[in-house]
Amino acid sequence: MRVVLAGVVLALLAGCGFQLRGTAELPFETLYIPGANSLAVELRRNVKAASKTRLVDSPAQAQAVLGFTQETRDKVILSFNTAGRVQEYRLRYSVGFRISDPKSGLVYLPTNEIQLTRDVTYNDAQVLAKETEETLLYRDMQSDMVQQILRRMVAVKSVQPQAK
């Protein structure tokens, strides 16, 4: 009975399509990612760990350059309570980027903007805890942003380079 049950469980897991993330097949042999901010550092670390693409130290050595056009974080009031105090905030994190070849002027991926949002409740009695929660949410949003940028970079291989 246990063998049959184990077989059924394995068949269900195999049938659902689950598989590990594996390596990202980036279409570039070399890539330059400028900047020293936390987003660029985390993106470099993920490219190095999850792909065979080699990171270089200058745009002249790179087959492709990922350039950031913008990175913004903001907080917007979402709702008030009956006393007129803030009850919820919406945290927004947006990043604009493009991928191009500095030597030939080809644009592999035109300017893209990804925007992530998270809603967070607020309580005047827990100011420090809510500030810490906000910091953690921004850090989580940054990790999600890196994964989304990597997925868009992988999708570049199916697109022909476009001229400027």
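Tutor: Let us begin with a term: a salt bridge is a side-chain nitrogen of Lys or Arg within 4 Å of a carboxyl oxygen of Asp or Glu. The model above is a predicted one, and in this model the side chains of D124 and R85 meet in such a salt bridge, with 3.6 Å from N to O. D124 belongs to the loop between β5 and α3, while R85 belongs to the loop between β3 and β4, so the pair ties together parts that are 39 residues apart in sequence.

Student: Are these two partners buried or exposed: what are D124 and R85?

Tutor: The cut-off for exposed is over 50% relative accessible area, and buried means under 20%, with partly exposed in between. D124 has a relative accessible area of 41% and is therefore partly exposed, whereas R85, with 51%, is exposed.

Student: Before going further, how many helices and strands does the protein have, and what pattern do they follow along the sequence?

Tutor: The protein has three helices and five strands, and reading along the sequence gives the pattern α-β-α-β-β-β-β-α.

Student: How confident is the predictor, and what pLDDT does the protein average?

Tutor: The average pLDDT of the protein is 87, and 88% of the residues score at least 70. Taken element by element, the mean is lowest in α1, at 78, and highest in β4, at 95.

Student: To return to the charged pairs, how many salt bridges does the structure hold?

Tutor: The structure holds seven salt bridges. One of them joins the side chains of E134 and K75, at 3.1 Å from N to O. Because E134 lies in helix α3 and K75 in strand β3, this pair ties together parts that are 59 residues apart in sequence. K75 counts as partly exposed, since its relative accessibility is 40%.

Student: What else joins a strand to helix α3, and where do R118 and D140 lie?

Tutor: The side chains of R118 and D140 also meet in a salt bridge, at 3.7 Å from N to O. R118 lies in strand β5 and D140 in helix α3, so the pair ties together parts that are 22 residues apart in sequence. Salt bridges that share partners join R118, D140 and D144 into one network. R118 is partly exposed, with a relative accessible area of 21%, and D140 also counts as partly exposed, at 37% relative accessibility.

Student: Now for the interior: how many residues does the largest nonpolar core have?

Tutor: The largest nonpolar core has 31 residues, and L31, L66, I99, M145, I149 and M153 are those with the most contacts inside it. The elements that give two or more residues to this core are α2 (38-50), β3 (64-80), β4 (86-100), β5 (107-121) and α3 (127-155). The largest share, eight residues, comes from α3.

Student: How should I read the surroundings of a single core residue, and which residues is L66 in contact with?

Tutor: One leaves aside the neighbours within four places in sequence, and for L66 the contacts are then L31, Y32, I33, P34, L43, F97, R98, I99, I149 and M153. Across the protein, residues 24 or more positions apart account for 67% of the contacts with a separation of 6 or more.

Student: Where does L150 lie, and is L150 buried or exposed?

Tutor: L150 lies in helix α3, and because its relative accessible area is 6%, L150 is buried. Not counting residues up to four places away in sequence, L150 touches L26, L43, N46 and V47. L150 and A50 are 100 residues apart in sequence, yet their C-alpha atoms are 9.4 Å apart in space.

Student: What share of the protein do buried residues make up, and what does the accessible surface come to?

Tutor: Buried residues make up 34% of the 164 residues, while the accessible surface comes to about 10500 Å², with 54% of that area belonging to carbon and sulfur atoms.

Student: Which residues form a nonpolar patch on the surface?

Tutor: V4, V8 and L12 form such a patch, and together they have about 300 Å² of accessible area. V4 lies in helix α1, which covers residues 2-15, and V4 counts as exposed because its relative accessibility is 56%.

Conventions
Residues numbered from 1 in each chain as written. Predicted model: local features only at pLDDT ≥ 70, side-chain atom pairs only at ≥ 80, totals over all residues. Heavy atoms only, no water. Core = buried A, V, L, I, M, F, W, Y, C linked by side-chain atoms within 4.5 Å. Buried < 20%, exposed > 50% of the residue type's maximum accessible area, 1.4 Å probe, protein only. Helix = DSSP H or I, 4+ residues; strand = E, 2+ residues; numbered from the N terminus. Contact = heavy atoms within 4.5 Å. Patch = residues over 30% accessible without salt bridge, like charges linked within 9 Å, V, L, I, M, F, W, Y side chains within 5 Å. Areas by Shrake-Rupley, 256 points an atom, 1.4 Å probe, with all protein chains shown as cover. pLDDT = per-residue confidence, 0-100.
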